[in-house]
Structures are given as structure tokens and as C-alpha cells.
Amino acid sequence: MAFNFKEVMNKPERLAPGHRMCAGCGGTIVARTVLRALKPEDKAVIGNATGCMEVSTFMYPYTAWEDSYMHNAFENAGATLSGIETAYNALKKKGKVTENYKFITFGGDGGTYDIGFQSLSGAMERNHDMVYVCYDNGAYMNTGIQRSSATPMYADTTTTPVGSQSVGKMQNRKDLASIIASHDVPYVAQSTLLGTMKDLYEKAEKAIYTPGAAFLNVMAPCPRGWRYDTPDIMKICKLAVETCYWPLFEVVEGKWILNYEPKKKLPIEDFLRPQGRFAHLFKPGNEELLAQYQAEVDRRWEDLLFKCSR
Amino acid sequence: MSIRERMSGNEAVAYAIKQINPDVMPAFPITPSTEIPQMVSTFIANGEIDTEFIPVESEHSSMSATMGASAAGARALTATSSCGLAYMWELLYVAASDRLPLVLALVNRALTGPININCDHSDSMSARDAGWIQIYAENNQEAYDNFIQSFRISEHPDVMLPFMACQDGFITSHAVENIELIETDKVKAFVGDYNPENYLLNAEMPMAVGPYATSPFYMETKMNQRLAMKNAKKVILDVAAEFEKISGRKYGFFEEYKLDDAEIAIVIMGSAAGTTKDAIDALRAKGIKAGLLKIRVFRPFPGEEIAEALKNVKAVAILDRAESFSACGGPVGSEVKAAMFDTGVNVKAVNYFYGIGGRDYTVESATSVFEDLMKIADGSMEPENFKYVGLRK
């Protein structure tokens with residue numbers, strides 16, 4: 001079905017307003033967009049790793065989730081949802097549940113790349129019919145901007161603070177989408193917040209309606225942790241894509257597909273400059289760090305082009 | 001007619017699972033509980049039950065998936081031992097506060113380290129404050145009988161708490177004994193169908209589980225868990241009374257063996273009770289009034305009832321198969337003594353550690369404890385705070 005922005009935006013909200021997420025939070029936009037990809041007649045159970053999204057949307061006695069929802073702990077969203085999905089299969093077989101249910105879980109990069117990695121890996125390998133959505137804001141934002149394995153190189157975080165002897169995080173970010181693709185699941189995609197959200201919406205729709213396990217890795221800027229001007233979120237996301245820092249791709253049944261190739265690849269500085277967490281890279285004497293950064297972005301981009309050319 | 005069989009404790013629990021035919025079982029192998037998920041997988045592979053088995057990648061995930069399945073509206077269970085239970089630790093608390101009526105077949109094993117695969121109660125004792133019902137079996141028959149009763153207690157609307165059905169690793173889990181099984185149709189009728197009031201897959205009424213609760217709400221959650229645990233006392237006895245009707249076997253919070261007129265008594269839990277009974281029989285033959293109180297239900301703790309049952313003895317030994325490293329005593333010892341203090345029962349009491357990491361507990365071990373008790377009772381020996389049974393010299 002062709003993407004119709006008006007139609008999509010007129011679908012009922014499944015994450016109700018009144019939650020306590022920050023204004024301009026990327027994660028919230030991810031959740032709302034993904035949920036819109038559900039057919040209105042389909043029921044859903046939403047899972048959630050501990051994090052900003054959980055503590056801000058389900059503060060007793062209020063919930064912002066229109067669908068059934070379960071938060072268990074920080075590190076086990078994958079396993080928890082696999083239990084729910086299996087229960088659905090069992091109860092459907094016994095005729096105790098008759099409606100169609102879909103299973104979607106949201107986790108930040110902390111709950112997904114790091115502490116919840118084993119639980120996610122197990123759920124993906126077992127190929128439960130579920131979608132795991134990582135809203136990747138590149139640090140443990142809920143506890144106050146500590147580095148994660150998703151944090152980009154040289155980012156200034158509260159556990160990799162920039163100082164006289166430090167230029168921020170020394171390691172590159174883990175390429176989680178690629179790791180999950182290596183689990184041989186039917187569908188993996190990387191996306192972010194762009195224009196009408198067509199890219200994310202369509203990937204969410206495919207993820208939800210592809211039988212078996214699916215993983216969406218969605219870059220979701222955090223104005224607090226990234227320190228950019230909050231209304232600029234869409235600009236930041238576009239720059240991430242145009243610099244090839246955050247490429248858009250899918251892995252469908254093992255086949256890598258590049259969704260977008262910039263006509264003119266922008267220098268990585270364009271993505272880094274508006275963000276306070278990288279301000280130190282623009283001080284005189286740090287030109288070499290920027291050159292290294294560019295080289296790493298280029299290396300990863302070439303690797304992706306190679307994967308997608310096969 | 002009930003079925004006479006020979007089975008190990010693990011087989012007995014697996015057989016109970018087969019008869020109950022629960023909806024979902026996630027599990028991860030760990031000695032000595034591994035046979036339970038293996039046997040259930042075989043029942044499934046042979047089409048004997050239609051339980052959905054999830055071969056998870058860790059115990060952390062087996063508990064997480066069991067919780068998800070239970071919240072979704074399924075009758076769900078898992079099995080583990082020792083480090084497996086420890087790996088679930090955070091979730092044990094969450095399962096209790098989420099009021100999920102799920103069952104864990106725990107085959108007790110020492111909690112590392114050094115690494116040891118043999119029986120003691122350090123795994124379940126470490127989880128005693130997690131908000132779970134804990135019931136312990138002396139033998140294979142009790143492991144089977146307790147398991148059949150587990151879902152009825154856990155799922156009761158006045159309870160809605162997770163249930164740990166404990167048996168001693170290897171001693172009962174792997175030893176084959178005679179057992180009397182109940183016919184499957186009777187078991188099914190007794191356990192009944194599971195139709196929860198609230199569940200995730202209820203299309204009429206969505207449900208949200210696992211909120212963030214701030215200080216103005218959190219404490220009431222804990223108070224309600226305590227109330228549920230209190231309610232469980234009545235439900236455990238009601239279910240036991242009903243179970244007696246289909247099995248002829250009587251269960252309560254604890255078993256008293258020759259305790260009525262006893263002057264000296266041992267309080268113990270699990271398989272060592274059988275050994276202690278043999279020692280008592282031999283002492284009774286010599287005219288020594290020895291008795292036993294075997295705790296079956298540790299959570300909720302039947303403190304008043306235990307103190308009442310012990311009030312007429314002259315000296316009591318409380319035997320712990322787990323350390324708590326308070327340097328004052330073990331978990332069962334501390335709770336029994338506290339219960340006696342609360343109820344004004346002033347009996348000389350001594351706390352022993354025995355069977356740690358599978359150390360043998362023999363009839364001679366029990367007899368040596370009774371010999372100490374005789375001296376304490378006649379005043380020729382002062383009760384020590386705690387002692388060891390069978391410690392290498």
C-alpha cells in the first residue's frame with residue numbers, strides 16, 4: 001500500500017498524550033510512528049525495557065499506552081515479550097484468544113545494545129513473531145547521559161567526560177543492526193526520523209507484518225544528551241543520513257538493501273557541529289580527531305555498500 | 001484407583017507437569033533440575049501434552065519469559081536450581097510485586113562458591129524475602145503432591161503470588177522411590193482450568209503491568225503483598241484439605257512426628273526429615289522421648305503454629321541447611337526462635353548447620369543432635385548459639 005501521509009497521521013494514537021517524556025524527545029516520536037504502522041483492527045501487546053520511556057509513560061496509577069503493555073526490567077524486554085508471544089500461540093491454539101495480536105517492544109540503547117543484549121539475542125535467535133524496536137539515543141539518558149556501546153566516538157558523556165586528559169568516548173559504536181542481521185532473522189532495518197516519517201513507518205509496517213523476529217534500529221536524538229537546539233531534531237536526523245553517519249538500510253531474509261544514497265555525501269562535521277557533546281572536536285588542535293572520525297564513517301559506509309552490492 | 005509407580009523426584013514433578021498440561025514452560029538446564037525440562041520436552045515431542053516449551057538462553061530469560069507468559073494469561077512455569085535461581089533474583093521480586101501466579105520447580109542445590117552441585121537450601125533461602133510462597137518436600141511423593149497443589153494456591157484470587165515448589169537436589173530429585181500417582185483426570189479436575197480475571201491478551205480490557213511507582217504508592221504494594229502472603233495460609237490449608245480427598249494424603253504447614261509427648265525435638269526441612277525419623281524411632285525404642293517438626297511451608301512462615309507445637313519440649317534443635325552469615329544463626333533457626341519469643345514460648349534452643357553442599361546427614365548425625373539435646377534438657381550442657389553437624393575436624 002502506497003504511503004499516504006494524511007491517512008497515516010489520521011490513524012488513532014496508541015500512545016496517548018499526557019505522558020511525561022521530554023518535549024522534543026526522539027524516542028517518543030519513534031514509538032508513535034511505529035505504533036501507527038499497526039492495522040487499527042489488530043490488537044497489540046507492547047513491551048518496554050526500563051528507561052525514560054517506561055518511567056515516563058507508565059507511572060502508577062496512569063498509563064499512556066492504549067494497548068496492553070508490560071514492563072518487566074531493564075535487561076529482559078526480549079525474553080519477556082517472547083514469553084508473551086508464546087502464551088499467545090498457546091492460548092490461540094486452545095481457542096482462548098481469538099483476536100489477532102502483534103508484539104512490539106521498545107528499548108533504549110542501554111536496554112538493547114548493552115544490559116539487554118543477551119535477552120534480545122536469545123529472542124531473535126528463537127525467531128519469535130515479534131518486533132524489537134531500539135530507540136537509539138546513544139547513551140544511558142534515563143540515568144543521566146552515561147556512555148553506552150551505542151555512544152558514538154568522542155562523545156562527551158558523564159562517564160566519558162571531556163577533560164584535559166580526555167577527548168570523550170574512545171571507542172566506536174557497536175553496529176547492532178549488523179549483529180542482529182547475523183542472527184538470520186527475517187527482517188532488520190535501520191531508520192531515523194525523516195520528513196513525513198515514511199521510511200520509519202514503512203519499515204515498522206514490514207517489521208510488524210513479517211512473520212518471525214524483526215529488529216528496528218532507529219536513531220532517536222535526545223536534546224538533553226546531545227545538546228542541540230531542541231526544535232532542530234529533524235535537521236539533526238537528516239544530517240546523520242546525508243553524512244552517512246546513520247545510513248538507511250534493510251536486511252530482508254539475509255539480503256542487504258541500501259535505501260538511500262546521498263547524491264553528495266556531506267562531511268561528518270556537519271552532523272557533529274550542532275551538537276554540544278562534540279563541541280570539543282571543533283577546538284583548534286583537534287583537526288586530527290575529525291579526520292579520524294571521517295575515516296571511520298567512510299570505512300563503515302564502504303562496508304555497507306559492499307554488503308548491499310552482493 | 002491411584003497408580004503405584006517408581007520414580008525419581010524430577011520424574012515425579014515432570015509427571016505432575018504432564019498431568020497439569022500447562023500452557024507455557026520456558027527453561028534453561030542446570031544440575032540437578034535439568035531432567036525436568038528434558039522430560040517435558042520429550043512429552044511435547046511425543047505429542048503427550050501441548051505445552052509450549054521455550055528453550056531460552058539463560059535462567060534470567062526463563063524467569064522473564066515465564067512472567068511474560070503468565071501476565072499474558074497463560075498457566076506458566078519453569079524449573080531451576082542454585083545459580084539459576086540466583087540469576088533470576090531481580091525478577092523474583094518483580095514477579096511477586098506484579099502478582100503473577102506462576103510456579104517454579106526448584107531443585108535445591110548449594111549456591112556457589114566454591115562451585116558445588118549438591119544439595120543444600122542456600123538457593124531458596126536466599127530468595128526467602130522475595131515474596132514467593134515456598135513449600136519444601138521430604139520425598140518424591142511430597143514433591144509430586146506439592147506440585148499438584150501449587151497452581152491452586154498460587155492462582156487463588158486472594159493470593160496471586162508466585163510459588164516455589166522445592167525438593168532436595170539429588171537426594172530426592174535423582175533417587176528413585178515408590179510413589180503413588182493420582183489419575184490424570186482427577187488431577188486435571190483438581191487443578192482446574194486457568195481463567196484469570198486480568199491478563200494482557202484480554203481483548204475486552206487491555207492491561208498494563210510493571211509500572212513505575214513513586215513513594216506515595218510503593219509502600220502499599222508491599223503491604224498488599226504481605227496481605228496476600230497472609231491469605232495464602234488459609235488457602236494452603238484449604239487446598240491441602242481438598243487434596244486429601246483425592247489422594248488420602250494429609251498436608252499442613254508442617255508435619256509433627258512423635259512430637260506430642262516429646263521432650264526433645266528437631267526442627268528440619270526437606271529430605272533430612274526422613275533420616276531424623278529413623279533416629280527418633282531408634283531413640284523411642286530406648287525410651288527416649290524424641291520428636292520432629294518438619295517444616296513444609298516456609299513462606300508464609302507459620303511462626304505461631306510452630307511455636308505452639310514446640311511449647312512443651314524441654315529443648316529444641318533447629319537445623320539449617322543454609323548459612324545466612326549473620327554470625328548468629330541460620331534462616332530457619334532465626335525465624336523459629338523469633339516465633340517462640342513472640343509467643344512467649346521459652347524453650348532452650350540451639351541452631352545447627354548440616355548438609356551444606358551435600359555433606360551427609362545420617363541417622364548417626366541426627367542421633368548426635370538428640371544426644372546434645374538430652375544434655376541441654378537436663379541442664380548438663382548449655383545450649384550454644386549454633387553448631388555444625390558432620391563438620392570435618
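User: How many residues does each chain bring to the contact between chain B and chain A?
Analyst: In this predicted model, chain B puts in 38 residues and chain A puts in 37 residues. On the chain B side, the elements that give two or more residues are strand 2 (24-27), strand 3 (52-55), helix 3 (59-72), helix 5 (89-97) and strand 9 (208-209). Helix 3 of chain B has the largest share, ten residues. By class, that side has 24 nonpolar, nine polar and five charged residues.

User: What makes strand 2 of chain A and strand 9 of chain B a pair?
Analyst: The cut-off is at least two bridges between the strands. Strand 2 (residues 68-71) of chain A and strand 9 of chain B are joined by two bridges, so they pair, and they run parallel. As for a bridge partner, Tyr69(A) has Ala208(B).

User: Why is Phe341(B) called partly exposed?
Analyst: Buried takes 20 or more C-beta neighbours within 10 Å, and exposed takes 12 or fewer. Phe341(B) has 13 inside 10 Å, so it falls in between and counts as partly exposed. Phe341(B) sits in helix 12 (residues 331-342) of chain B. Its C-alpha atom is 8.6 Å from that of Ala307(B), 34 residues apart along the chain.

User: How do you know that the radius of gyration of chain B agrees with a compact globule?
Analyst: For 393 residues, a compact globule would come out near 21 Å; chain B has 21 Å, so the two agree. The C-alpha atoms of chain B fill a box of roughly 70 × 55 × 45 Å along the principal axes, and 57% of its 393 residues count as buried.

Conventions
Residues are numbered from 1 along each chain as its sequence is written. Chains are lettered from A and ligands numbered from 1 in the order in which they are written. This is a predicted model: local features need pLDDT of at least 70, side-chain atom pairs count only at pLDDT 80 or more; totals for chains, interfaces and linings use all residues. Two residues are in contact if their C-beta atoms, placed from the backbone, lie within 7 Å. Helices (H or I, at least four residues) and strands (E, at least two) are DSSP runs, numbered from the N terminus. Ala, Val, Leu, Ile, Met, Phe, Trp, Tyr, Cys and Pro count as nonpolar, Asp, Glu, Lys and Arg as charged, and the others, Gly among them, as polar. The radius of gyration is taken over C-alpha atoms; the globule rule is 2.2 Å times the number of residues to the power 0.38.
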